Amino acid sequence: MTVLNPAYESLRVWVESVPRIFAEQGEVIYDARNQIRLITAPDGKELCVKRFHAPRGLNGWIYKFWRTPKAVRAYENAVRLCEAGISTPEPVAYILEEEGGRLRESYLISLKSGLKRNMYEFRHHPLEGYEPIVQAFAQFTAHMHEEGILHRDYSPGNILFDVDKKGQVHFEIVDINRMVFDKPVGLERACRNFCRLWGKEDFFRLLAKEYAKARGFDEAECTRLTIKYWKRFWRFRK
């Protein structure tokens, strides 16, 4: 089964060949449970193609009949994000491969992001000089939360950014199969959403200050909750 973004109908024949050519083309940029390759389509577009591993055992039937496959969720979530004005790589297609009535591999195809940096930079860097990026990130997240959208894996590698020649900061979110839509994102839920990020305490204090300003929340309470959930999450991970 192949579902194609109407804007990319000209790529249909090539898209339908992806399961057959995937292992032979492009550059591998991620290879673990799932694999991601950068592949150039026949029309010259650079595409990011993600192959989701085949569900094991009963999960093959569960994803076939009861749960939405990850590739489908990621594609549909990308469409909804684009409609809401939240930047994410534009979805091109998804492919579901079945065998014996159960789901096997599935694929998500999207445009390659033009952004080169991600939030891992804040792991060791001092905050000095990065303040405009943190402020812009707080505003980007506030807009997303105001739209009732929550990324449930809001971690450093899933937040891409870059600064253009005019100094404007641009963000995109990726790995978006775990999203929540159309639910209010209040103060506590918002602050908890920052807990997976990397950085030092001054990063989180500035983030909370700017986020509270953008949402009209109490700055002291926003800071307290952000620091609380950040420390709790990493204490548990350690």
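User: Which residue stands opposite Arg-51 in strand 6?

Analyst: Tyr-107 does. Keep in mind that this is a predicted model.

User: What makes strand 4 and strand 6 a pair?

Analyst: Count the bridges. Two strands pair if there are at least two bridges between them. Strand 4 and strand 6 have 6 bridges, so they meet that cut-off. Their sense is antiparallel.

User: What joins strand 5 to strand 6?

Analyst: 7 bridges do, and the two strands run antiparallel. The cut-off is at least two bridges, so strand 5 and strand 6 count as paired. Two positions show the contact. Ala-93 is opposite Ile-109 in strand 6, and Pro-91 is opposite Ser-110 in strand 6.

User: Which residue in strand 5 is the bridge partner of Leu-4?

Analyst: Ala-93 is that partner. Strand 1 and strand 5 are joined by 3 bridges and run antiparallel. Again the cut-off is at least two, so these strands pair as well.

User: Why is strand 6 called mostly covered?

Analyst: Buried means under 20% relative accessible area. In strand 6, 7 of the 10 residues are buried, and that is why the strand is described as mostly covered.

User: How many aromatic pairs are there in the structure?

Analyst: There are 17.

User: Why do Phe-22 and Tyr-107 count as a pair, and of what kind?

Analyst: Take two steps. A pair of aromatic rings is described by the distance of the centres and the angle of the planes. The cut-off for pairing is centres within 6.5 Å. Phe-22 and Tyr-107 have ring centres 5.6 Å apart, so they pair. Planes over 60 degrees apart count as edge-to-face. Here the planes stand at 65°, so the pair is edge-to-face.

User: Where in the chain do the two rings sit?

Analyst: In distant parts, 85 residues apart. Phe-22 is in the loop between helix 2 and strand 2, while Tyr-107 is in strand 6. Phe-22 and Tyr-107 are both buried.

User: What kind of aromatic pair do Phe-161 and Phe-171 form?

Analyst: A tilted one. The ring centres are 6.0 Å apart, so the pair passes the 6.5 Å cut-off. Stacked needs planes under 30 degrees apart, and edge-to-face needs over 60. The planes of this pair are at 35°, so the pair falls into the remaining class, tilted. Phe-161 belongs to strand 9 and Phe-171 to strand 10, 10 residues apart.

User: Are those two rings on buried or exposed residues?

Analyst: Buried. The cut-off is under 20% relative accessible area. Phe-161 has 0%, so it is buried. Phe-171 has 5%, so it is buried too.

User: What makes strand 7 and strand 10 edge strands?

Analyst: First, the sheet. It is an open sheet of 3 strands in the order 7-9-10, with antiparallel pairing. Strand 7 and strand 10 each have a single partner strand, so each has one side without a neighbour in the sheet. That puts both at the edges. Strand 7 is joined to strand 9 by 2 bridges. The cut-off is at least two, so that number is enough for a pair. Within strand 9, Phe-161 is the bridge partner of Arg-117.

User: What is the volume of the largest pocket?

Analyst: About 1000 Å³. Its lining has 34 residues, and those closest to its centre are Ile-36, Cys-48, Asn-158, Val-174 and Asp-175. Among the elements that give two or more residues to the lining are strand 4, helix 4 and strand 6. By class, the lining has 17 nonpolar, 8 polar and 9 charged residues.

User: Why is Asp-175 called partly exposed?

Analyst: Its relative accessibility is 32%. Buried is under 20% and exposed is over 50%, so Asp-175 lies in between. Asp-175 sits in the loop between strand 10 and strand 11. It has a positive phi of about 55°, although it is not a glycine.

User: Is Asp-182 buried or exposed?

Analyst: Exposed. Its relative accessible area is 60%, and the cut-off is over 50%, so Asp-182 qualifies. Asp-182 lies in the loop between strand 11 and helix 6. It is not a glycine, yet its phi is positive, about 60°.

Methods
Residues numbered from 1 in each chain as written. Predicted model: local features only at pLDDT ≥ 70, side-chain atom pairs only at ≥ 80, totals over all residues. Heavy atoms only, no water. 1 Å grid on protein atoms, 1.4 Å probe; cavity = no way out; pocket = protein on both sides within 12 Å on 5 of 7 lines; lining within 4 Å. Points joined across faces, edges and corners; volume = space filled by probe spheres on them. Helix = DSSP H or I, 4+ residues; strand = E, 2+ residues; numbered from the N terminus. Nonpolar A, V, L, I, M, F, W, Y, C, P; charged D, E, K, R; others polar. Buried < 20%, exposed > 50% of the residue type's maximum accessible area, 1.4 Å probe, protein only.
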